[in-house]
Amino acid sequence: MTRRAAVLALVALGVVVLGARLEASQGDVTMKLDGIGSVSAPLQIVIVLTLMSFLPAVLVIMTSFTRIVIVLHFLRQAIGSQDMPPNQVLVGLTLFLTAFIMAPVAERINDRAVRPVLAGTMSVGDGIAAAAPPLREFMLKQTRQTDLALFVDISKSPRPSKPSDLSMLVVVPAYAISELKTGFQMGFFVFVPFLLIDLVVSTTLLSMGMLQLPPAMISLPFKLLLFVMVDGWNLVVTSIVRSFA
């Protein structure tokens with residue numbers, strides 16, 4: 001009992017000393033928690049955590065990610081290799097290609113919005129407003145007029161005098177369905193040469209009476225050989241990157 005009382009006394013003394021030190025350094029802690037610009041640090045943490053929850057949706061829908069991943073998926077299906085390249089490789093390649101394509105837009109957003117907000121010369125709200133035009137301009141270049149007109153009519157908003165006056169609530173879904181259509185179109189053209197190889201192999205096996213032999217097993221080496229001989233990865237990546245020019 002004596003030892004327990006001594007331990008409890010030491011713990012209580014430590015708590016009192018720690019509380020005194022925290023109270024004495026309260027002013028220093030307050031100074032260290034000052035936020036960037038006019039927004040306090042706790043509020044900045046809340047804002048950052050909230051924005052991070054929307055980051056996957058922004059990355060997938062408002063960048064070049066959707067078109068690239070669709071084309072690469074169709075390429076793998078056309079070749080006939082179900083798990084090669086694996087999903088991790090395709091997603092990693094898509095992320096780096098997205099970063100490469102979106103680099104000019106990111107630099108403009110950094111110069112117009114991020115740096116002024118970090119320097120305290122611009123509020124967070126003004127920074128978000130300043131970051132929207134470069135991203136809107138990129139999306140409008142890739143969006144079809146019919147898709148923009150569709151969402152303008154659905155939202156029953158007045159027709160703007162120029163596309164740059166459109167709201168992001170109209171531009172983002174229009175850009176998304178445009179990217180889906182473009183990705184499927186590019187996937188079709190990727191599929192055609194491999195489909196011809198499948199047809200030739202199937203016809204050859206049928207004429208030879210080899211009905212029990214799966215055509216995919218025979219056509220896969222020929223498709224891989226064709227893809228390697230024409231430097232397929234170079235052609236596919238070049239076509240994807242230039243499609244955003």
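**View A. A cluster of three aromatic residues, F74, F184 and F191, joined by ring pairs**. In this predicted model, ring pairs connect F74, F184 and F191 into a cluster. A search of the whole structure finds seven aromatic pairs, and the views below show two of them in close-up.

**View B. The edge-to-face pair of F74 and F184**. The ring centres of F74 and F184 lie 5.3 Å apart and their planes meet at 75 degrees, so the pair is classed as edge-to-face, the class for planes over 60 degrees apart. The pair links distant parts of the chain, since F74 belongs to helix 4 (residues 65–79) and F184 to helix 8 (residues 168–207), with their positions 110 residues apart. F74 has a relative accessibility of 19% and therefore counts as buried, the limit being under 20%, whereas F184, at 47% relative accessibility, counts as partly exposed.

**View C. The edge-to-face pair of F227 and W233**. Here the centres of the two rings, those of F227 and W233, are 5.4 Å apart and the planes stand at 85 degrees, so this pair too is edge-to-face. F227 counts as buried because its relative accessibility is 9%, while W233, with a relative accessible area of 34%, is partly exposed.

**View D. R67 over the ring of F244**. The side chain shown with the aromatic ring in this view is that of R67, which lies over the face of F244 at 3.9 Å from the ring centre.

Definitions and conventions
Residues are numbered from 1 along each chain as its sequence is written. This is a predicted model: local features need pLDDT of at least 70, side-chain atom pairs count only at pLDDT 80 or more; totals for chains, interfaces and linings use all residues. Side-chain values use heavy atoms; hydrogens and water are left out. Rings of Phe, Tyr and Trp (its six-membered ring) pair if their centres lie within 6.5 Å; planes under 30 degrees apart count as stacked, over 60 as edge-to-face and the rest as tilted. Helices (H or I, at least four residues) and strands (E, at least two) are DSSP runs, numbered from the N terminus. Buried means under 20% relative accessible area, exposed over 50%, partly exposed in between (1.4 Å probe, protein chains only). A charge sits over a ring if NZ of Lys or CZ of Arg is within 6 Å of the ring centre and within 35 degrees of the ring normal.
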